[in-house]
Amino acid sequence: MYWEPDKECMSRDELEQLQIERLESTLNRVYMNVPFYRKKFDEIKIDIDEIRSLDDLRRLPFTTKNDLRENYPYRLFAVPLREVVRIHASSGTTGMSTVVGYTKNDIKTWSNLAARVLTAGGVTKDDVVQIAFAYGLFTGGFGLHYGAERIGASVIPISSGNTQKQIKIMQDFKTTALVCTPSYALLIADTLREMGVNVNSLSLKYGLFGAEPWSEGMRNEIQEKLKIIATDNYGLSEVMGPGVAGECIERNGLHINEDHFLVEVINPETLEPVPVGETGELVITTLTKEAFPVIRFRTRDLTRLISEPCRCGRKFIRMMRVMGRTDDMLIIKGVNVFPSQIEAVLFDIEGTEPHYQIIVDRKGHLDEVTVLVEVSETIFFDEMKKQNELIETIKQMLATELGISVEVKLVEKKTIERTEGKAKRVIDRRKF
Amino acid sequence: MIKIKNLETGYGKLKVLRRISMHVNPGEIVTIIGANGAGKTTLLNTISGIVRTRAGEIIFDRQNIAKFPPEKIVLMGCSLVPEGRQVFPTMTVKENLLLGAHVLYLKKRKGLIKEELERIYTIFPILEDRRHQMAGTLSGGEQQMLAIGRALMSKPKLIMMDEPSMGLAPLIVKEIFNIIRKLREDGNTVLLVEQNAKAALKIADRGYVFETGRIVLEGTSDDMLTNKDVQRAYLGRDLDAEAKL
């Protein structure tokens with residue numbers, strides 16, 4: 001199922017022409033209308049008329065989250081405020097929020113792209129979509145809300161929180177598609193079990209999850225517990241919000257809406273492009289945004305591109321699920337460690353629950369990492385020996401994966417705090 | 001149909017097109033809007049081979065025609081309806097139309113000419129009525145129809161029109177635009193340059209906005225009609241008021 005087959009399945013040749021046209025007009029507009037970009041381009045003496053191919057894009061400077069903050073709130077807008085019909089701010093997982101605006105056309109485009117993502121994930125006009133993303137300044141709720149309405153689905157704008165009520169509504173309103181963060185989906189699944197609700201009595205078929213990194217193991221867990229097809233989708237408010245990329249039901253990487261976003265993957269340290277297929281930081285240039293275009297925005301999200309064609313028939317390039325952020329990457333004993341790596345290991349181990357926390361501390365000059373892992377209740381009733389065996393297994397597998405040794409502590413079920421939004425996985429107590 | 005990449009052209013020291021990339025798909029009406037001097041006519045003249053390309057590519061029918069002479073470009077199926085109609089005033093309507101068919105002579109498809117003439121007369125019955133009249137005696141609207149008819153006589157794959165509404169009364173403009181819309185329904189592909197942005201966007205599938213030799217906006221006609229910049233600059237400020245009428 002496609003939302004816009006003529007776009008989603010367009011040939012690379014057609015796509016490249018469209019991209020270059022849109023890139024050129026975007027550059028012309030930002031140069032005319034946004035003093036920040038004009039100054040930046042003039043400073044490095046780059047004539048935007050010389051940008052004539054997608055490769056030439058590399059000659060332009062990056063835009064960072066910091067640039068956005070420094071131009072708080074409106075100075076990066078490319079249209080006067082009277083043409084802006086909506087204002088959002090980034091969810092501020094890290095640091096202070098940044099402000100973005102949308103024109104009437106931007107909202108139209110956004111709805112349309114969110115509709116593509118939802119359609120790819122299985123949603124049709126016959127679905128009842130429960131949106132358990134926070135509404136408000138965060139783009140997650142509204143983006144997918146408008147997309148689902150565009151498709152013609154019945155939208156329940158319940159927002160996040162109040163899990164028992166979520167479940168009641170899910171039962172009574174016969175929700176068929178759930179939209180939220182993956183960690184919240186797991187919390188819903190656990191709450192279902194506690195409340196003694198049989199998952200087979202629900203009408204759920206699809207789950208569209210995003211806004212935080214998750215693993216394949218977590219997907220399997222969600223799919224199993226909620227009996228749904230769970231797809232990953234990606235977006236960020238600085239670029240637009242959800243709708244930048246999304247998985248199709250093949251569940252094998254997220255199709256990037258390349259007719260609206262130009263992507264590059266760079267090495268976050270050297271800032272040089274990495275070959276297709278290698279992991280690096282995702283950099284996005286918007287091609288159609290009117291109010292808030294961004295040129296080479298460094299997302300801080302780590303992923304890799306998949307150029308092989310997908311079985312679904314879409315021609316857009318895919319990105320692998322985001323494996324972490326350059327800014328939640330932990331450098332422990334000089335080694336780069338991502339929480340997602342630890343998560344992936346834990347999912348492969350029998351007897352552990354998909355809830356964990358990583359505590360980083362420094363004793364003297366040495367980093368120490370402790371991973372708290374929830375285990376199924378049964379293990380605690382068993383003898384110590386079994387617990388020690390489990391700890392050893394986890395330690396060994398983590399050491400193999402990460403290349404450093406970590407401490408592992410088993411904790412009882414439910415001792416790690418559950419969240420309704422983005423999960424807090426890392427506690428870094430080191431003082432630098 | 002036609003794909004233009006980083007086209008650059010000018011007259012002497014003057015750069016007129018600085019870096020133009022655009023395309024027209026088969027069966028589409030694509031319009032180019034923009035103020036005087038933005039480079040719209042220059043673009044059509046460059047595609048036609050009348051103005052030389054300085055840099056960039058014009059891919060028509062899978063060939064780069066950027067350095068081709070005008071006659072070859074017409075022969076390949078790319079016809080221009082020039083600004084100000086440019087009919088031959090002292091020749092009859094029929095003679096003007098036959099001149100447009102010279103491509104068919106060259107292609108040794110003379111047999112088609114009669115058929116084409118009939119087709120043009122069905123689209124523009126007024127031209128059949130006036131076929132023996134001198135073209136110079138026609139009204140502005142009729143001359144415009146003749147100019148379009150003349151371009152169609154070569155059975156072009158792409159018809160480019162430069163300001164077809166210029167200097168015409170509103171009712172006639174409406175008629176001309178209806179004809180363009182009909183041409184698309186018959187499977188023609190049209191690249192339309194217009195000052196009358198609102199009328200053009202209403203019949204076009206997509207549009208490009210030119211500003212001093214650059215494209216500053218592209219998109220579907222619907223998106224352009226709701227874009228405030230386009231509204232202010234090219235559609236007049238009464239758009240919202242007009243919409244209510």
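Here is a short conversation about helix packing, domains and the chain interface in this predicted model.

Me: What makes α5(A) roughly perpendicular to α6(A)?
Reply: The axes of helix α5 (residues 104–120) and helix α6 (residues 139–151) of chain A cross at roughly 75 degrees. Angles of 65 to 115 degrees count as roughly perpendicular, so α5(A) earns that label against α6(A). Their axes also come within 7 Å.

Me: Happy with that! Which residues make the contact?
Reply: On α5(A), they include W110(A), A114(A), V117(A) and L118(A). On α6(A), L144(A), Y146(A), G147(A) and I151(A) are among them. By class, this contact has 9 nonpolar, 5 polar and 1 charged residues. G147(A) belongs with the polar ones, because Gly counts as polar.

Me: How do you know that domain 1 and domain 2 of chain A touch, with their C-alpha centres 30 Å apart?
Reply: Contact is judged residue by residue: C-beta atoms must lie within 7 Å. The contact takes 18 residues from domain 1 (1–326) and 14 residues from domain 2 (330–428) of chain A. On the domain 1 side, α8 (182–195) and α9 (216–226) each supply at least two residues, and α8(A) gives the largest share, 4 residues. That side divides into 8 nonpolar, 8 polar and 2 charged residues.

Me: And what classes of residue does chain B bring to chain A?
Reply: The side of chain B that touches chain A has 4 nonpolar, 5 polar and 8 charged residues. In total, 17 residues of chain B are in contact with 16 residues of chain A. β1 (2–11), β2 (14–24), β10 (214–220) and α10 (221–226) of chain B each supply at least two residues of that side.

Definitions and conventions: Residues numbered from 1 in each chain as written. Chains lettered and ligands numbered in written order. Predicted model: local features only at pLDDT ≥ 70, side-chain atom pairs only at ≥ 80, totals over all residues. Axes fitted to C-alpha atoms, helices over the stretch in contact; angles between N-to-C directions. Parallel < 35°, antiparallel > 145°, perpendicular 65-115°, else oblique. Contact = placed C-beta atoms within 7 Å. Domains from an automatic or database assignment.
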